[in-house]
Amino acid sequence: MTKTTLLSGLALSLASTASVAKELSPEEQAAKSEVWEPVPAMVETAPGKAPSDAVVLFDGSDLSAFESLKGGEAKWTVEDGTLTVKPGTGDIVSKQSFCSVQLHAEWKTPEDIEGLESQQRNNSGIFLQQRYEVQVLDSYNNKTYPNGQAGSIYKQAIPLVNPVNPPGEWQSYDIIFNAPEFDGDELVKPGYLTVLINGVLVQNHTEILGKTEWIGGPSYEAHGCAPIQLQDHSNPVSFRNIWVREIGQNTLTDFR
């Protein structure tokens, strides 16, 4: 055995002994998976109010955040803190475009339902990126096709349950929208919707099959961020407290 071989063996032995002597404590081992940056921004919240980092689309005062889909000023009615569809004036769209968002909106259908049934029973809709509709409808004891009732992704996904209040009472929508992703004209990742009505989950990260269609099946076409659209379906449906929060990407812990 050469002198060099003996020295190499001794060095390995000493390194092994040092490793055992410096074995990490449980606290030190746990610290290795602690990530200290980035630090999440503080967001102020208060009951009935939009979070401090939200984009407020309607706070009860005016329609300055919207415009008509036809062009020009939005013509819906604002009275007593409520925004109401003015039938025949057309859909309205947010002036700002969005990709993935958390959206909150409260809506109410009229108490007078005489002679109205199914899809005529005070219909509207919220379109994410002007393409993907979450249905707004008086679905309280109202027989219609389930993939067209309140809480449905219209003509695509039936809600898990029906927690809608009676007509004339306010309903709340809390919607998490993960926008589809495209590489050129190719769909890389479909969109997804999570929807709660009055705090009850009705769509659980449901895959969006494509653009909402009244006739025929849905399909995707490449697009970027786009406005939020509220539908004039010729019924005086009311809205209030509409706000959105743009969704970023979470930072994941890297265990490699």
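How many nonpolar, polar and charged residues does the lining of the second largest pocket have? The structure is a predicted model, and this pocket is a convenient place to start reading it. By class, the lining holds four nonpolar, six polar and two charged residues. The residues in question are Ser100, Asn178, Ala179, Glu181, Lys189, Pro190, Tyr192, His205, Ile247, Gly248, Gln249 and Asn250. The two charged ones are Glu181 and Lys189, because Asp, Glu, Lys and Arg are the residues that count as charged. The space in the second largest pocket is about 260 Å³.

The largest pocket contains about 430 Å³ of space. It is lined by 18 residues, and the closest to its centre are Pro40, Ala41, Gln249, Asn250 and Thr251. Gln249 and Asn250 also appear in the lining of the second largest pocket. In the largest pocket, nine lining residues are nonpolar, five are polar and four are charged.

The next topic is charge pairing. Side chains of opposite charge can pair when their charged atoms come close. The count of salt bridges in this model comes to five. One of them joins Arg240 to Glu106, with 2.7 Å between the closest N and O atoms. This pair links distant parts of the chain, since Arg240 sits in strand S15 (residues 238-246) and Glu106 in strand S6 (residues 101-108), 134 residues apart. The partners can also be described by their accessibility. Glu106 has a relative accessibility of 13% and so counts as buried, the cut-off being under 20%. Arg240, with a relative accessible area of 30%, is partly exposed.

A further salt bridge is formed by Arg121 and Asp138, whose closest N and O atoms are also 2.7 Å apart. This pair, too, links distant parts of the chain: Arg121 is in the loop between S6 and strand S7 (123-128), while Asp138 is in the loop between strand S8 (132-137) and strand S9 (171-178), and the two are 17 residues apart. Both Arg121 and Asp138 are buried.

Asn142 lies in the loop between S8 and S9. Its side chain reaches the backbone oxygen of Asp138 at 2.8 Å. Leaving aside residues up to four places away in sequence, Asn142 touches Glu117, Ser118, Arg121 and Leu137. Asn142 is therefore connected to both partners of the salt bridge: to Asp138 by the 2.8 Å approach to its backbone oxygen, and to Arg121 by contact, which means heavy atoms within 4.5 Å. Is Asn142 buried or exposed? Its relative accessibility is 10%, so Asn142 counts as buried.

The salt bridge between Arg256 and Asp254 has a distance of 2.8 Å from N to O. Here Arg256 is exposed, because its relative accessible area is 88% and the cut-off is over 50%. Asp254, at 47%, counts as partly exposed.

The last stop is Asp185, in the loop between strand S10 (181-183) and strand S11 (186-189). Asp185 has a relative accessible area of 75% and is exposed. How far apart are Asp185 and Phe98 in sequence and in space? They are separated by 87 residues in sequence and by 19 Å in space, C-alpha to C-alpha.

Conventions
Residues are numbered from 1 along each chain as its sequence is written. This is a predicted model: local features need pLDDT of at least 70, side-chain atom pairs count only at pLDDT 80 or more; totals for chains, interfaces and linings use all residues. Side-chain values use heavy atoms; hydrogens and water are left out. A salt bridge is a side-chain nitrogen of Lys or Arg within 4 Å of a carboxyl oxygen of Asp or Glu. Helices (H or I, at least four residues) and strands (E, at least two) are DSSP runs, numbered from the N terminus. Buried means under 20% relative accessible area, exposed over 50%, partly exposed in between (1.4 Å probe, protein chains only). On a 1 Å grid over the protein atoms alone, a cavity is a set of points where a 1.4 Å probe fits but cannot get out, and a pocket is an open set with protein on both sides within 12 Å along at least five of seven lines; lining residues have an atom within 4 Å of a point. Grid points are joined across faces, edges and corners, and a volume is the space filled by probe spheres set on the points. A polar contact is a pair of N or O atoms within 3.5 Å; within protein, one must be able to donate a hydrogen and the other to accept it, and residues adjacent in sequence count only if both atoms are side-chain atoms.
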